[in-house]
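Q: Please take a close look at one part of this model. Start there, then show me how its surroundings fit together.

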Amino acid sequence: MSKEASDFRYNTGETKVPWAAVGENYNAEDTYAFVKFLMGGKGKAYNAALKDVKAAIAKLAKVSVAPGKLSMGDKVNEVERMIDKYLGVEEGSSLFVSNCTAALELGYRYAGIGPGDEVIVPANTFIATVVYPLSVGAKLVFADVERKTVNMDPKDVARKITKKTKMIVPVHIGGYPCNMDAIMKLAKKHDLVVMEDAAHAFGGEYKGRKLGTIGHFGCFSFHEVKNCTSLGEGGVFISNVKAYRGEARRARFLGVDFTSKIHNWLYNISLIQGKGNFKYQASNNASVTEIQAIGLMQQIKRYSKILAERKREATYMTKRLSGIPGIIPQDLGNEKVKLTFHLYQLQIDPKIVKGDVQLLKKKLEEKGVTNIPHFGPIYRFSAAIGKGFDEKKIAATCPMTEYVFDKCYTHLPIYGLTKAQLTYMADAIIASVAEMKAGA
Ligand SMILES: Cc1ncc(COP(=O)(O)O)c(C=O)c1O
């Protein structure tokens, strides 16, 4: 068991009377259940292999020692240092947390976002990007998107900055880098905190720097649908603000502070130091487990292969769809702009195709091609409207979002597809567009 305290919960080191962190460890039967879950199957060969595994685990259980610590231990530290290296950031910049939404909250908390403060976010993102400012009564200011990338348009951000603006939150949709130079320039000019929502963008690059490491803060998601995962849930918070690294670390676990003790007690609970004079009481427990850390390390070890495979599949699709009037395939990037291909972003020109993307989505669905556009203009949700946002007025300030979302844009899955599935998907798009052009 580790001697280094990570949180206070019974990681007391080598005492004469051992106080194990784990109340009840996992035994052979439990471990066998995990293996069966992660490696399911059926049939004669499967059942025979499973029987061997069960026997092997039972044998191992007789000679092995349980980890003694399942949460916030050495493995969590190890994956954080691995991510620091992978992203090329200073040691200590990465903080592994329960999910990307919790990571985003750490950045919003730093900036002291509260009622009346303005946060500029892209009009088109997943609700997780904005849920914290929405919940505390801050004003979301929706930046319109760029046609090509559907990312936040810095020109519109510039138009929408006011005296009340405190933050800009660019989202690298689908793993396509935002125009970070322009955004950072605006932030510098107006003293704004930039937090990159890099939920889709782990491993992507912008002008030689990894996405999520350019702003003051960056947030990644390792939820099961992302390019790599920490057993289905997880996130990482990157802090380029050196002074906030330790603070965020304490905020991850309720603000527990081992650097100072109160009278007759092991630790203190101190306020978290945010930007300037702002201090706050941490209100979340975003701790993670050792198993999650191991899961993430394993996938990061083969991450370059994962990215290469995604790129290969996207390149095939773009080649097939290029040169067909009205179809705008996913841009594949270049030396300065490296994508993660989390999604295959497909657009059409509705005038040339003689119909909009809603019809294309219907046709694709009929042909059995899943399209999963889970981003909508945030200002259309009742949660936003209920907070006094006027949908129509905001929509009028985001004309490109309205046009692209309703008429042009969808995204498709782009990983783990066989040659036959990729061919089928490309054929289905080409055929559907041809039908639309013919008025069918
Ligand atoms: C753009 C964006 N931001 C944030 C999140 C939240 O990630 P998590 O599920 O890890 O909280 C997601 C999840 O899909 C997302 O798509």
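A: M195 stands opposite F217, a residue of strand 9. Keep in mind that this is a predicted model.

Strand 9 is the part to look at, and it covers residues 217–221. How many of its five residues are buried? Five of the five are, so strand 9 is largely enclosed by the rest of the structure. Take the two faces in turn. F217, C219 and S221 lie on one side, and these residues are buried. G218 and F220 lie on the other side, and they are buried too. Both faces of strand 9 are therefore covered, since a residue counts as buried with 20 or more other C-beta atoms within 10 Å of its own.

Now the pairing. Strands of a sheet pair through backbone hydrogen bonds, either parallel or antiparallel. Strand 9 has one partner of each kind here. Strand 6, residues 193–197, runs parallel to strand 9, and three bridges join the two. The pair M195 and F217 belongs to this contact between strands. Strand 10, residues 235–239, pairs with strand 9 in the antiparallel sense. That pairing has five bridges. Within it, F220 stands opposite V236 of strand 10.

Next, move outward from strand 6. Strand 5 pairs with strand 6 in the parallel sense, over two bridges. M167 faces V193 of strand 6 there. M167 turns up again in the next pairing: it is the bridge partner of V119. Strand 2, residues 118–122, and strand 5, residues 165–168, run parallel and are joined by three bridges. Strand 2 also pairs with strand 4, residues 139–143, in the parallel sense over five bridges. P122 has A143 as its bridge partner in strand 4. Is strand 2 mostly covered or mostly open? Strand 2 is mostly covered, with four of its five residues buried.

S221 of strand 9 has a further role in the picture. It is among the residues that come nearest to the ligand, together with N99, C100, A128 and A199. The ligand has 13 residues around it. Sorted by class, this shell holds five nonpolar, seven polar and one charged residues.

C100 leads on to a helix. Helix 4 spans residues 100–110, and R109 is found in it. R109 is buried, because 24 other C-beta atoms lie within 10 Å. Which residues does R109 contact, beyond its neighbours within four places in sequence? They are A251, I272, G274 and Y280. I272 is 163 residues from R109 in sequence. In space, the two are 9.0 Å apart, C-alpha to C-alpha.

Then there is a separate, smaller set of pairings to place. Three strands form an open sheet in the order 8-7-16, with antiparallel pairing. Its edge strands are strand 8 (209–210) and strand 16 (337–338), each pairing on one side only. Strand 7, residues 205–206, is joined to strand 16 by two bridges in the antiparallel sense. Y206 stands opposite V337 there.

How do these parts sort into domains? The assignment gives domain 1 as 28–63, domain 2 as 74–300, and domain 3 as 303–372 + 413–437. The C-alpha centres of domain 1 and domain 2 lie 39 Å apart.

For contrast with the enclosed strand, look at A55. A55 is found in helix 2, residues 44–63. A55 is exposed, because 12 other C-beta atoms lie within 10 Å. Y32 is 23 residues away from A55 in sequence and 9.5 Å away in space, C-alpha to C-alpha.

One more helix is worth a look. In helix 15, residues 399–408, the residues T401, V404, F405 and C408 are buried. Seen down the axis, the buried residues of helix 15 fall within an arc of 125°, so they line one face. An α-helix has 3.6 residues a turn, so residues three or four places apart point the same way. The buried residues of helix 15 pack against several elements, including strand 3 (124–125), strand 17 (344–348) and helix 12 (357–366). Strand 19 (409–412) is also one of these partners.

Technical notes:
Residues are numbered from 1 along each chain as its sequence is written. This is a predicted model: local features need pLDDT of at least 70, side-chain atom pairs count only at pLDDT 80 or more; totals for chains, interfaces and linings use all residues. A residue is near a molecule or strand if its C-beta atom, placed from the backbone, lies within 6 Å of it. Ala, Val, Leu, Ile, Met, Phe, Trp, Tyr, Cys and Pro count as nonpolar, Asp, Glu, Lys and Arg as charged, and the others, Gly among them, as polar. Domain bounds come from an automatic or database domain assignment. Two strands pair if DSSP finds at least two bridges between them. The arc is that of the directions from the helix axis to the C-beta atoms. Two residues are in contact if their C-beta atoms, placed from the backbone, lie within 7 Å.
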